[in-house]
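Student: Could you take me through one part of this model up close? I'd like a single helix and whatever surrounds it.

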Amino acid sequence: MFRFIVRRLLQMVLAFFGTTLIVYALMFAGQGDPIQALAGERPVTAAQRAYLTEKYHLDATGVGGFFYRYFDYISNLLRGDLGESLTGRSIGDILAAAWPVTIKLALIAIAVAVVFGVTAGVLAGIRRASIFDNATLLLTLLVLGIPTIVLAPLAQYFLGVKWQLFPPTAGADPDFFALLLPGIVLGSLSLATALRLTRTSVAENLRADYVRTARSKGLPNRRVVSVHVLRNSLIPVITFLGVEVGNLMSGAIITEGVFNIPGVGFNLFRGIRTEDGPLVVGIVSVLVVVYLVSNLVVDILYAVLDPRIRYE
Amino acid sequence: MRVRRLAAWTALPLAVTLGLVACGSGGDGGSGESDPNAAVRIEIAEPQHLVPTNTNETSGSQVLAALFSPLVDYDEAHKPYEVAAESITSEDNTTWTIKLKDGYTFHNGEAVTAENYIDAWNYGAYAPNGQNSSYFFEKIAGYDDLQGDSPKAKTLSGLKKVDDLTFTVTLSQPYSEFKAMLGYTAFYPLPKAAFSAPGELAEGYEQAPIGQGPFKMKGTWQHDAKVEVERYDAFPGEQPKVAGVEFRIYQQLTAAYADVLSDNLDVIKTIPTENLSTAGTDLGDRFQQSPASSLHFLAFPTFQEEFSNPDVRKAISMAIDREEITRSIFKDSQQPARSFVSPAVAGYRENTVGASGEFDPAKAKTLYQAAGGPSKITLSYNGDGGHKDWIDATCNQLKANLGVDCVGTAEPKFADLLTKVKAKQPVGLFRMGWVMDYPSMENYLGPLYSTNGSSNYYGYSNPDFDRLLAEGASAPDEEAAIKKYQEAEDMLAEDLPVVPLRFGQNNFGHSTKVKNVEMDLFDRIDLIKIEAIK
């Protein structure tokens, strides 16, 4: 197990450099005129242009310029300096302010997905073809079919503005209650997927030989389901949720925008819109690490859940 | 908030089981009595900068308008009058004497002196500081010496202190409307505390700017979250009627709109496009419109053979039904334009475009064919600005009314469009917009149509027009200057290098908790007039 973790960590280093290189290259290639993008439609003065060009080495173009800027960026990164955004703010500070709220939001979403998704999935799996099973199938199909870009404003309008059950936006320093609605909206998609996965897995495992053995041993149904079936059924769900944690952390660009939560997705969106290369690359570099770590945790959880799975 | 949360928890199960519409929003907002101890909450986007000479977008200048008091403001007729200045006078339109009012202090207690203005303007004009608004100082003598990589000088030779409350500004050329320029953000003073060394801005000044205006900072700029200001009691000018303002930062206007609807936010400065059609019913008389300074137009590449004939340009203008487009596409959030300057400036006259601004398809077609206009027209625009709808509508009108083929071509960003236009690539007609820097006809005519204008991308060059502008700038007074500018504008109607299409409007709204919400010419909420309702 130890060797496996070390090996994975080494792979992570490679993956990290590979992905940052790709992201940097994409941002570099896609960049039109970031100075004009920053100014919107106002004319840019020569002085302002010269100032920004020099500060961000925007005159280094072509392949040579690309590697010059990339290595400059990486060497700063290794010293823990994420650089400055085009508006002159430290990207480290931006991220430090953005992470806590995004993590809170992601945790709420995951909690919603696990508590409601897995529970309902188990129930639906046990009572296959019941009214409950069919009802959840219909509901999850509906949720999976509605993209967040529709669901989030709808939820905001009805629950926030019309009926005023929740505050319509969360703002910068939200309490748990203000984050609940965005969390539910964000988690609803994961919830639906987790529910379908759990239901299928449980339904399948209920017919497995070891369940019949457990039943014939005279074990109570509750124990059969909660210990034998559930543990085995959770493997695909854990895989899914592991990847989902990465997804949710990467910031729900839409949800954070609709509910005005200045998290990671909020900043990423602004970075893309204003062609702020340093900001986008900085955020994505950190996200790469989040993905890598969450995948590692999933791999380790496999081994815990299923002793047959061992990596050596 | 507390109360509503409790109500929400109890209402949720009710609403679910009974399908009830729960929880009204406490309806006692109508008393209308002003509450001087309350703060109001105003929507802004994250400002790019909060240094006066570096701020040229509306969010930043809205915050700075709370922290600073301008030298001049503008009256109903859009003419400047003194605020922080006692008097601004000139004999020859070249050397201007600015006398400051006594009694103004910065929020840290420093008295405001002439030096504060001189230091701030020098800082703004010095090219290596990379200030966004440095071009505002280009009319001042010595500006050129501060430009380039290693400028010859660090201070403008045209700025001279006379005494503590007086200084003179010498311009490199006479300019009759210099006074009108001074109301903008770039001309605020900076306290000594803003500088760590002469000409060097202290680190962290931007996080909590110290000004001499009616409000002072409360805490620091909380990026992506809010900027809070509170009333500065030692302010000698007209005191605001609220205790403070919270500028709340939004990334998406739809979120701000939802907050205004539920009284979680007091003022939204721009109603999002998708809500414009319902804003009237949602907000009632709390949905307001006011003229803005922006002008939207289609520009001709006059250097291209096919558009070099003014009759072709006039025919195209006559074939566009402006009313139809502002009504069906913009839901009356913009107004049809038939002039080259906005109603937001003194000297504006209606319908200066004249006959070629009237929608007359039959005449347009005859004229177009007689002048031999091209059989295919391209309209170029930037795809990220929501212009597709009206460009397509315009194209359809041209197709139907002129019998030509017309396509709208999107460039990804405005910068891409500009690059192509500057390189004189054949993009066809292209869309442009203009927002004034200061309320003067000159600001619409000079940069856009003079031969060396900074934003004259259409190759329009008319020596008579240039001469009239120069005469206007050196005219003895404002009235005389406006006359010259109006003559110049009439000349544009003859040549029609661009087709004016629409004037922008501010479409803003407010909650039930505030009143007297007004917007100024620079798209800023008037913070002196706004009142909170008890």
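Student: Which residue follows α5(B), and what is the sign of its phi?

Tutor: That would be B:Asp263, which comes after α5(B) and has a positive phi, near 60°. Before going on, a word on the ground rules: this is a predicted model, where local features need pLDDT of at least 70, side-chain atom pairs count only at pLDDT 80 or more, and totals for chains, interfaces and linings use all residues. Residues are numbered from 1 along each chain as its sequence is written, while chains are lettered from A and ligands numbered from 1 in the order in which they are written.

Now the helix itself (helices are DSSP runs of H or I, at least four residues; strands are runs of E, at least two; both are numbered from the N terminus). In α5(B), 8 of the 9 residues are buried (20 or more other C-beta atoms within 10 Å of a residue's own, with C-beta atoms placed from the backbone). Among them are B:Tyr257, B:Asp259 and B:Leu261.

What do they pack against? On the chain A side, the buried residues of α5(B) meet α7 (148–162) and α11 (253–258). Within chain B, their partners are β1 (39–44), β13 (267–268), α6 (276–283) and β19 (498–510).

That brings us to the contact between the chains, with 45 residues from chain B and 39 residues from chain A (two residues are in contact if their C-beta atoms, placed from the backbone, lie within 7 Å). On chain B's side, α5 (253–261), α1 (2–18) and α11 (414–422) each supply at least two residues, and α1(B) gives the largest share, 6 residues.

Methods. A residue is buried if 20 or more other C-beta atoms lie within 10 Å of its own, exposed if 12 or fewer, and partly exposed in between; C-beta atoms are placed from the backbone.
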